[in-house]
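The following exercises concern local backbone geometry, helix packing and the surroundings of a ligand. Each task is followed by a worked solution.

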Amino acid sequence: MLLTSISFFPAIGAIAAFMLVYVVFSVIHGLWFSEYSHIPGPRLCKVSRLWLVYFDVRLQRTAKVHEWHEKYGPVILVAPGEVSFSEPSTTREIYRAPGRHPKSGFFDNFIAYGERATFNSLSYEEHREKRNHSFAFFQASSIYLPRFVEPIRGRMVAFLDQIRQDIDQSTGTITLDFFQLSNRYAFDNITRLVLGSDYCTRTIETPGAERVMLDDLKYCEALQPLLFNFPPAYYVLRLAASIIYHDPHFLTGEHSLTEWNTKRVSDKTTDTCAEDSQYTLLGKLQGCRTKLGEPLPASWINAELLDNLNAAQMTVTVTLTYVLWNLARNPEWQVRIRKEIAALPSQEDGFPSFGDINKAPILEACIKESYRLNPISSGRAERVVPVGKEYDGVFLPRGTIVSTSTLAIQHSRSVFTQPHIYNPDRWLQANPDQLRTMERFYIPFGYGARVCLGKAFATVEVKLLVACLLLEYKISEDPSSSTDVKSMAQLGTQDALPKGLRCDLKVQQAF
Ligand code: HEM
């Protein structure tokens, strides 16, 4: 016993001494001798990755990186071996096809069915082959055709019908959670595009398991950084929370969505009477062939469809939430949009055509300004330096992880005066030169070879809903709700969710 305690204490001492030496060595190496010590940035970021992980788990990573850019400049070290940019020149270099920068290992987190979808394929060659399968399908010239626009229009009408039903007839007003409503709208739309009219959802008007799944997905996303950095802590938290809150569904949304996708794809594939398959993403991919002339593997098709469900539902939800939130706080812009849209010729359902709505400049400027001010993507569009070289005069060795901070580039003070202010006029009043410069600092859908495939689809969804909603209703903040400027601060999650995970807005008939 005595012998054990005598040998125990020196062992602890030795470990402590070793750790101290290790820490001192890491600090000296990181600050003065590492191949990254010449790059500006917070000192702690030069020494250890943990400082960035700390902000990541607290969902403040995106805001912190932006803050560091404001303090240290356009090229900063955010962790040993990880560099963030905020200029168009470096953005072009890392994201355009000729640069051939592969994606980083961060995207391994999104592997499903054991496959890499287009979004999370890493190398340039692998990505190009996969993207080619659906590139033409997603182009605006295809998506803006009536066969794709009309179903979205149908969902927009269902959305407005829901408001009409819920509104208090005596006061003509109601407060609704637009985060939740937009999520149902976005999910119904993407399931229609992926699976067709017979296997899509109608969650706007239909209660059920899919609504429960959607409501849970926002918690899954909010806790993703914990899962990616410390998986055991995530699973312990999930277990504890489901016991404490007696909620067996808590944090099961992602798993449920995968199961839902597998079942629907299988049901549709085996249904001999299934409709309109050639105009669905499933039908399109099932018709594709590999270089060897073989059908694409079913597991890869499942992974690609699941990725599109994920890519489309939360991005569009958060976009709509912030477009409406910014308009609720700036009612003068609602008035201008309403006037602009009301002047357009109406279709049979009383609303203008998407073609006309898409050309409305005030609506366009208001949406664009919201994308600029509240970008949806996390800024973790990480790439890997393939060959050591200089980026804007700063040498980066091979293997360095690089990315552009969307928040930082879109808030550049040299280009956007008062960048924190919602000002759609900056797009309407700009001369052609100014507009060209602003466009170079504007990347809400990413940039280059891997720019968002769903941009045209998202544009139809967002513009149709905002234009037609404002034609009928005024929206405003509701001081009696839990939604305020603080709760609408964006989290550093993959899709930059609002902190309160909801957005209560008051709706009132416009006329
Ligand atoms: C307003 C809504 C949306 C925003 C802001 C957005 C943003 C983005 C961004 C920033 C990327 C690039 C990620 C990277 O470089 O790592 C991306 C990629 C992608 N997005 Fe979107 N997205 C939106 C809606 C959609 C929709 C509706 C779909 C599907 C219908 C979609 C499908 C995809 C796909 C498949 C990729 C991967 C492209 C590739 O790697 O080649 N997105 N999106």
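**Exercise 1.** Locate L501 in this predicted model and determine whether this residue is buried, partly exposed or exposed.

*Solution.* Step one is the position: L501 belongs to the loop between β8 (473-477) and β9 (504-509). Step two is the backbone: phi of L501 is positive, about 55 degrees, although the residue is not a glycine. Step three is the environment. A residue is buried from 20 other C-beta atoms within 10 Å and exposed at 12 or fewer. L501 has 16 C-beta neighbours inside 10 Å and therefore counts as partly exposed.

**Exercise 2.** Apply the analysis to D392: where does the residue lie, and is it buried or exposed?

*Solution.* D392 is placed in the loop between β5 (389-391) and β6 (394-396). Its phi is near 50 degrees, a positive value in a residue other than glycine. Since 12 other C-beta atoms lie within 10 Å, D392 is exposed.

**Exercise 3.** Describe the pairing of β1 with β2 and the turn of their hairpin.

*Solution.* Begin with the strands: β1 (residues 75-79) and β2 (residues 82-85) pair in the antiparallel sense over 4 bridges. One pair of bridge partners is L77 and V83, the latter in β2. Next, consider the turn: 2 residues stand between the strands, and G81 takes a positive phi near 85 degrees. Finally, examine burial: 5 of the 5 residues of β1 are buried, and the strand is mostly covered.

**Exercise 4.** Characterise the packing of helix α15 against helix α22.

*Solution.* First, the geometry: the axes of α15 (residues 298-328) and α22 (residues 455-472) come within 10 Å and cross at roughly 35 degrees. The crossing is right-handed. Second, the contact residues: α15 contributes T315, V316, T319, L320 and V323, while α22 contributes A458, E461, V462, L465 and V466. Third, the composition: this contact comprises 7 nonpolar, 2 polar and 1 charged residues.

**Exercise 5.** Which residues come nearest to the ligand, and which helix gives the most to its shell?

*Solution.* The ligand has 22 residues around it, of which A312, T315, G446, C452 and G454 come nearest. Turning to the helices, α15 and α22 each supply at least two residues of the shell. The greatest contribution is that of α15, with 6 residues. T315 thus appears twice: in the contact of α15 with α22 and among the residues nearest the ligand. By class, the shell contains 13 nonpolar, 7 polar and 2 charged residues.

Notes: Residues are numbered from 1 along each chain as its sequence is written. This is a predicted model: local features need pLDDT of at least 70, side-chain atom pairs count only at pLDDT 80 or more; totals for chains, interfaces and linings use all residues. Axes are lines fitted to C-alpha atoms, for helices over the stretch in contact, and angles run from 0 to 180 degrees between N-to-C directions. A crossing is left-handed if the near helix is turned anticlockwise from the far one by less than a right angle, and right-handed if clockwise. Two residues are in contact if their C-beta atoms, placed from the backbone, lie within 7 Å. Ala, Val, Leu, Ile, Met, Phe, Trp, Tyr, Cys and Pro count as nonpolar, Asp, Glu, Lys and Arg as charged, and the others, Gly among them, as polar. A residue is near a molecule or strand if its C-beta atom, placed from the backbone, lies within 6 Å of it. Two strands pair if DSSP finds at least two bridges between them.
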